[in-house]
Amino acid sequence: MTSALLRPRGRTRGTTGPPVGAVAEGSTAPTRILDWRDPMVTALVHELGADPVDAAGPVDAVGPVVPVDPARQIEFLHRAHTWISGAVRPVYSVQDERPVSEVLRRGRGSCSQRLAVLEAVARAYGVPTRVRGLLVDGSFWYPRFPRLRRIVPDQVLLAWPEFRLGSPAGAPGAAASWLTVSELLGGLRPVAAEQGGGFTNAGSETLFEALSRTAIDWDAAPTACPSAGPGADSGADPGAGAACELSAYVLTDLGHYASRDELFARHGQTLCGLARLMAEPVLGRRGAA
């Protein structure tokens with residue numbers, strides 16, 4: 001049994017997000033959460049072997065004026081994901097609006113916070129990002145909190161990032177497509193398919209780590225994820241496939257937003273302010289297990 005008592009009050013999370021036909025263009029601009037101009041973030045970009053976009057040339061509202069090589073962008077973001085996986089300890093922090101610079105200073109963060117770090121680094125490198133808002137059934141987190149199911153929120157607000165890579169080489173001005181974080185990290189490299197195995201939602205591995213070896217899919221797809229979906233067989237072979245389909249847990253698709261700041265401003269965070277205040281001192285230090 002999940003709990004609806006911990007939700008933010010006065011927030012209506014209906015079946016619709018932005019107006020029909022609206023397009024979230026995304027941006028490379030810093031935000032309160034994605035504060036990539038902070039020295040902590042720019043230092044990380046330098047450590048990853050690049051310069052922030054301000055030093056690389058002019059940018060328009062949604063990305064670099066001069067098209068860049070998507071392959072270089074992909075390699076850079078893979079390096080960033082690997083670095084974050086190793087340097088930012090996974091915990092169950094409930095403060096989704098914590099600035100990326102503060103997450104880096106603390107050296108620990110939730111999946112949402114670690115994804116925000118990846119977004120901030122991407123924007124600093126000139127890759128526009130946006131997020132898709134998803135309401136996910138709280139039962140997805142039962143394996144993580146087997147003795148605390150009654151206080152698991154009935155729905156969790158997930159900001160799932162998307163990235164717009166530069167125009168293909170030799171085709172300046174060509175329309176660039178958006179890639180989900182899963183397509184970027186788990187679907188574009190043969191090594192990910194070779195490693196295979198869906199996200200079992202057990203042990204210390206979190207969704208953030210699993211992205212490097214399996215395609216996390218929140219929409220219906222042909223290949224199911226081992227142990228995915230309410231009532232799934234927990235004894236499934238974890239190497240059964242490279243894709244991990246989790247659509248059974250999606251309650252509502254809230255659409256796309258230019259930033260996670262915009263998503264949270266409209267729909268609030270997963271927990272109400274009082275619940276976050278009480279839970280953060282404990283969960284913000286509790287490692288994933």
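A residue counts as buried when its relative accessible area is under 20%. In this predicted model, Trp-218 has a relative accessibility of 3% and is therefore buried. Trp-160 is likewise buried, its relative accessible area being 3%.

The structure contains 4 aromatic pairs. In one of them, Phe-140 and Tyr-249 meet edge-to-face, with 4.9 Å between the ring centres and an angle of 75° between the planes. Phe-140 is located in the loop between β3 (129-137) and β4 (155-164), and Tyr-249 in the loop between β7 (243-245) and β8 (250-257); the pair thus links distant parts of the chain, 109 residues apart. Both Phe-140 and Tyr-249 are buried.

Trp-160 and Trp-218 form a further pair, with ring centres 5.7 Å apart; because the planes stand at 85°, the arrangement is edge-to-face. Since Trp-160 belongs to strand β4 and Trp-218 to the loop between β6 (215-217) and β7, this pair ties together parts separated by 58 residues in sequence. Through ring pairs, Phe-140, Trp-160, Trp-218 and Tyr-249 are joined into a cluster.

The protein chain has a mean pLDDT of 76, with 65% of its residues at 70 or more. Confidence is highest in helix α4 (residues 100-106), at a mean of 97, and lowest in helix α7 (residues 190-195), at 48. The pLDDT is below 50 over residues 54-66, a stretch that has 22 contacts in the model beyond near neighbours in sequence. Residues 168-174 also have a pLDDT below 50, and this stretch has 6 contacts beyond near neighbours in sequence.

Note on methods: Residues are numbered from 1 along each chain as its sequence is written. This is a predicted model: local features need pLDDT of at least 70, side-chain atom pairs count only at pLDDT 80 or more; totals for chains, interfaces and linings use all residues. Side-chain values use heavy atoms; hydrogens and water are left out. Rings of Phe, Tyr and Trp (its six-membered ring) pair if their centres lie within 6.5 Å; planes under 30 degrees apart count as stacked, over 60 as edge-to-face and the rest as tilted. Helices (H or I, at least four residues) and strands (E, at least two) are DSSP runs, numbered from the N terminus. Buried means under 20% relative accessible area, exposed over 50%, partly exposed in between (1.4 Å probe, protein chains only). pLDDT is the predictor's confidence in each residue, from 0 to 100. Contact means heavy atoms within 4.5 Å.
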